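Me: Please take a close look at one part of this model for me. I want the salt bridges, and the setting they sit in.

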Amino acid sequence: MFRTAYHLPRVGSIAVGTDEPTHLGELVGALAGQVEERTVREYRRLLRDRSGDQSS
């Protein structure tokens, strides 16, 4: 979800702050996942729609 949400490119390192070592492992593992362009477009559309609803 992390990589899909932000559609991040592949990287050699990341910097995060966490009190839970398992969270860091989850973030690093997420970088290996495949991103479905359709899912990213839908997610962004939902965020835009939600943002529009809240500005009223």
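Reply: The chain holds 3 helices and 0 strands. Read along the sequence, the pattern is α-α-α. This is a predicted model, so confidence comes before detail. The chain averages a pLDDT of 76. Of the residues, 75% score at least 70. Confidence is lowest in helix H1 (residues 2-6), with a mean of 61. It is highest in H3, at 86. The salt bridges belong to H3, which spans residues 37-54.

Now the close look. How many salt bridges does the count come to? The count is 2.

Start with Arg45 and Glu42. They form a salt bridge, and their closest N and O atoms are 2.7 Å apart. Both residues lie in helix H3. They are 3 residues apart, about one turn of the helix.

Next, Arg45 and Asp49. This pair also forms a salt bridge, with the closest N and O atoms 2.6 Å apart. Both residues are again in helix H3. Here the separation is 4 residues, about one turn of the helix. Salt bridges that share partners join Glu42, Arg45 and Asp49 into one network. Arg45 is the partner in both pairs, with Glu42 and with Asp49.

Are these three residues buried or exposed? Each falls in between. Arg45 has a relative accessible area of 34%, so it counts as partly exposed. Glu42 is partly exposed because its relative accessible area is 37%. Asp49 comes to 38% relative accessibility and therefore counts as partly exposed too. The cut-offs behind that label are simple: buried means under 20%, and exposed means over 50%.

Now step out to helix H2, which covers residues 21-30 and includes Val28. Val28 belongs to a nonpolar surface patch. Its other members are Val16 and Leu24. The patch measures about 220 Å². Why can Val28 take part in a surface patch? Patch residues need over 30% relative accessible area. Val28 has 46%, so it passes, and it counts as partly exposed.

Last, the chain as a whole. It has 56 residues, and buried ones make up 14% of them. The accessible surface comes to about 4,700 Å². Carbon and sulfur atoms account for 53% of that surface. Contacts add one more view. Take those between residues at least 6 apart in sequence. Of these, 57% join residues at least 24 apart.

To return to your part: the network of Glu42, Arg45 and Asp49 is built from salt bridges that share partners. The helix that carries it, H3, has the highest confidence in the chain, at 86.

How values were computed: Residues are numbered from 1 along each chain as its sequence is written. This is a predicted model: local features need pLDDT of at least 70, side-chain atom pairs count only at pLDDT 80 or more; totals for chains, interfaces and linings use all residues. Side-chain values use heavy atoms; hydrogens and water are left out. Patches are made of residues with over 30% relative accessible area and no salt bridge: like charges are joined within 9 Å, nonpolar side chains (Val, Leu, Ile, Met, Phe, Trp, Tyr) within 5 Å. Accessible areas come from the Shrake-Rupley method with a 1.4 Å probe; for residues, only the protein chains shown count as cover. A salt bridge is a side-chain nitrogen of Lys or Arg within 4 Å of a carboxyl oxygen of Asp or Glu. Helices (H or I, at least four residues) and strands (E, at least two) are DSSP runs, numbered from the N terminus. Buried means under 20% relative accessible area, exposed over 50%, partly exposed in between (1.4 Å probe, protein chains only). Contact means heavy atoms within 4.5 Å. pLDDT is the predictor's confidence in each residue, from 0 to 100.
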